[in-house]
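Please read the following report alongside the sequence and the coordinates. It takes up a few individual residues in turn, with attention to their surroundings.

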Amino acid sequence: MTFKKMIKKSVTALVLSLLFVPLSRYISPSTVIEGKQIYLAYLPISFMIALVFIYGRVAIIPLLIASIVAYSFCLKISWFALLVFVFCLILTISLCSMMARYNLGARWRHGLADKGIGVRIFWLGFAAPFIIKLMMYISGYYIHFPDRVAAYFGDNSLIFMVVDFQSLVAASLIFTPLFYYPLRMILNPNYARAFWLRCVMRDFVGPRRYYTYTWVFCLIIMLWVLCSTWGVLQVSGYLVPVIFVLFTLGIRHFGPRLMGLMWAISAWLLLTYNDGFLYGVNNEFALSFILSVFITFNVCMVYMTTVLKKNEWMKRIYRSQALTDPLTQLPNIRALEHHVQCYPKGTLCCLRMSNLEFLSRHYGIMMRIECKRIITWQLKPFLQQGEQVFQLPGSELLMFLHGQGTADRLGHIVDTLNSKQVKWHNTMLEIEYSASYSVIDNDLIELHRTLGQLSYLSEQACATKRVLSLDTRIEDVSDQTAERVLILQKIKRALNDEQSFVLYAQPIVDEQGKGYHEILTRLSLDGKIITPDNFIPIITEFNLSTRFDMLIMQKLVSFLQQHPATIQQPRFSVNLMPLTLMQKDVAQKIVSLFNDFKVPTRSVIIEVTEEQAFSESEISMQNIMLLRESGFKIAIDDFGTGYANYERLKRLQADIIKIDGCFIKDITSDSLDPLIVKSICDMAHAKQLSVVAEFVETEEQRALLHKLGVQFLQGYLIGKPVPLNTVHTF
């Protein structure tokens with residue numbers, strides 16, 4: 001610190017001391033007991049400690065000078081006694097401050113509400129008052145003080161000494177914030193502005209403001225009641241604890257700085273206007289108890305606010321870490337979810353670096369991480385407020401954009417990046433960029449599906465380093481988009497318009513012509529019919545199977561409700577895709593759907609693949625078991641294509657086996673196929689399972705299959721798929 005700066009601080013501290021030492025003594029709360037005045041909190045101690053916190057050792061000389069000047073007018077005692085009293089105050093505060101600095105280091109005065117609270121409470125909250133009183137009592141033993149102040153220097157009763165000591169402890173612990181924060185605001189307007197914004201306004205805006213206004217209103221009412229002269233014993237005896245409850249409720253809402261300041265103001269009002277507050281409390285013992293409660297609550301409140309603040313700080317740290325990729329330090333997918341909730345309308349863009357994977361194999365994984373950081377830095381000039389870049393595993397980055405002209409903006413970004421190089425260890429790398437984009441909303445389930453679709457589409461765009469749209473409107477899709485992407489657009493469009501999916505039914509009958517129908521689906525868009533072999537693989541690839549299956553199930557249940565039947569047997573079978581059965585609670589959703597429409601579950605057979613029937617997935621097996629327990633019959637589709645064996649068939653929990661068509665189409669010409677079918681039938685009959693043969697197209701096949709033991713047949717010979725609304729059940 002320069003000499004000029006020290007002089008400036010010393011002069012400022014002297015001026016403040018000359019003003020506030022007599023003022024703080026004047027406003028110190030006091031009461032009269034047995035004809036003697038006694039301070040309930042000696043506030044000059046509060047001011048002195050606050051000034052030391054602000055100026056450090058620079059404040060000692062100004063405090064010494066101002067105290068001598070102020071007390072020479074106030075106390076009217078000899079100069080020697082005055083100097084002894086002032087040195088008792090200033091020397092003790094200086095020594096205890098030095099001890100606090102020794103324990104906490106050079107920054108012991110910084111972050112009063114954050115670190116070193118215990119050390120400051122001990123040295124300045126308890127040790128300093130104790131040493132001050134001890135030195136005053138020792139000096140009172142050797143020096144004669146006038147009768148009007150002699151009580152403070154030992155000429156009093158033991159209980160008076162206790163209350164007198166507590167008044168200093170209360171002043172140092174409770175009322176130091178009453179001077180510290182206002183003084184800092186006076187000396188530094190920027191601190192006042194920061195205090196207002198960070199400690200006050202944050203509680204008076206947004207959803208927090210309702211709690212804040214209610215709490216402040218209750219505090220004002222409580223202070224008015226307690227500080228008024230009611231002359232009612234219940235006010236002082238029973239209502240006082242309510243103020244402690246009120247501040248305890250406020251601890252979780254307000255920060256430690258604002259809480260300490262409000263508690264200091266409230267305590268000062270209670271102790272100053274104490275006619276109602278201390279009604280019936282007219283002896284030293286009761287005063288001692290009240291001050292003990294105030295001091296104890298203050299210490300507890302300081303620690304509780306500090307612990308809660310640290311807890312909130314740790315929550316913010318953990319939340320930040322959860323939303324940040326640990327390698328690239330970029331926001332991750334979870335951060336994207338939060339961002340989408342804040343900005344529900346926008347465009348999600350997938351920026352792909354097509355050759356980054358190849359380059360990382362040559363230069364190492366750190367090259368890919370550093371490249372993503374550099375590219376993110378290059379993207380920042382193109383981003384507006386509320387737009388952000390997010391990390392994706394692999395060779396992609398996500399951008400959230402909003403506003404108009406996204407396609408043109410994204411195209412310009414891709415062109416600009418393709419014209420730049422990335423420097424890595426003095427090597428200039430040429431990264432090849434492409435991108436895809438789609439308009440999104442705040443539907444998080446749809447968001448994750450869109451991410452996979454955008455990743456696929458950005459890969460398709462790599463060949464020409466261009467930008468492709470994944471918009472739900474077909475007319476907005478580029479003419480150069482692959483046919484596979486066009487089908488994806490149609491599927492997404494159809495999922496939002498259930499009329500686009502048309503249900504067909506194909507009969508499955510026994511020798512008497514009795515049986516049920518299997519539900520098949522066709523996609524009808526723009527007057528054209530798309531068959532399952534074209535759209536089912538895409539639904540599976542882009543994780544749309546659950547939406548698709550639930551939509552089909554809902555349409556079927558609606559049909560069954562509108563066309564009830566009296567027969568007590570299955571009428572239709574529906575195939576569930578493997579990914580659908582791997583979704584938790586999907587079986588419960590299906591059962592609830594049937595219950596809501598009041599359709600019996602026995603009306604429908606659930607077909608699952610052989611892979612799912614013998615799956616090791618616990619969720620899949622639980623779903624299948626719940627469906628069977630709820631009344632659905634379970635059919636194993638494509639049986640015999642790879643997962644079935646004798647051991648698994650032995651523990652199979654199902655009702656129907658559907659033999660895959662690969663064993664049927666050549667059964668009349670291949671001598672091995674009849675043996676396989678016969679073996680399956682024998683095992684199925686032993687477990688009392690029904691057997692269905694698919695792809696039956698000739699009379700020869702039908703005759704042979706019935707002879708081998710197959711009970712139900714399905715295929716073009718039996719009947720082709722027809723629209724569901726034209727079907728009459730058996």
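## Ser266 and its surroundings

In this predicted model, S266 has a relative accessibility of 2% and therefore counts as buried, since the term applies to residues under 20% relative accessible area. The residue belongs to helix α13, which covers residues 256-272, and, when residues up to four places away in sequence are not counted, S266 touches L219, L223 and F247.

A long-range reference point is given by Q512: S266 and Q512 are separated by 246 residues in sequence, and their C-alpha atoms lie 93 Å apart in space.

## Cysteines without disulfides

The structure contains zero disulfides. For C342, which takes part in none, the nearest cysteine sulfur is that of C349, at 18 Å, whereas a disulfide would need the two sulfur atoms within 2.5 Å. With a relative accessibility of 59%, C342 counts as exposed.

C349 is likewise in no disulfide, and the cysteine sulfur nearest to that of C349 belongs to C350, 9.1 Å away. C349 has a relative accessible area of 0% and is therefore buried.

## A nonpolar patch at the surface

F3, I7, V11, V15 and L19 together make a nonpolar surface patch of about 500 Å². One of these residues, V11, lies in helix α1, which runs over residues 3-26; its relative accessibility is 47%, so V11 counts as partly exposed, a class that lies between the 20% and 50% limits.

Conventions: Residues numbered from 1 in each chain as written. Predicted model: local features only at pLDDT ≥ 70, side-chain atom pairs only at ≥ 80, totals over all residues. Heavy atoms only, no water. Buried < 20%, exposed > 50% of the residue type's maximum accessible area, 1.4 Å probe, protein only. Helix = DSSP H or I, 4+ residues; strand = E, 2+ residues; numbered from the N terminus. Contact = heavy atoms within 4.5 Å. Patch = residues over 30% accessible without salt bridge, like charges linked within 9 Å, V, L, I, M, F, W, Y side chains within 5 Å. Areas by Shrake-Rupley, 256 points an atom, 1.4 Å probe, with all protein chains shown as cover. Salt bridge = Lys/Arg side-chain N within 4 Å of Asp/Glu carboxyl O.
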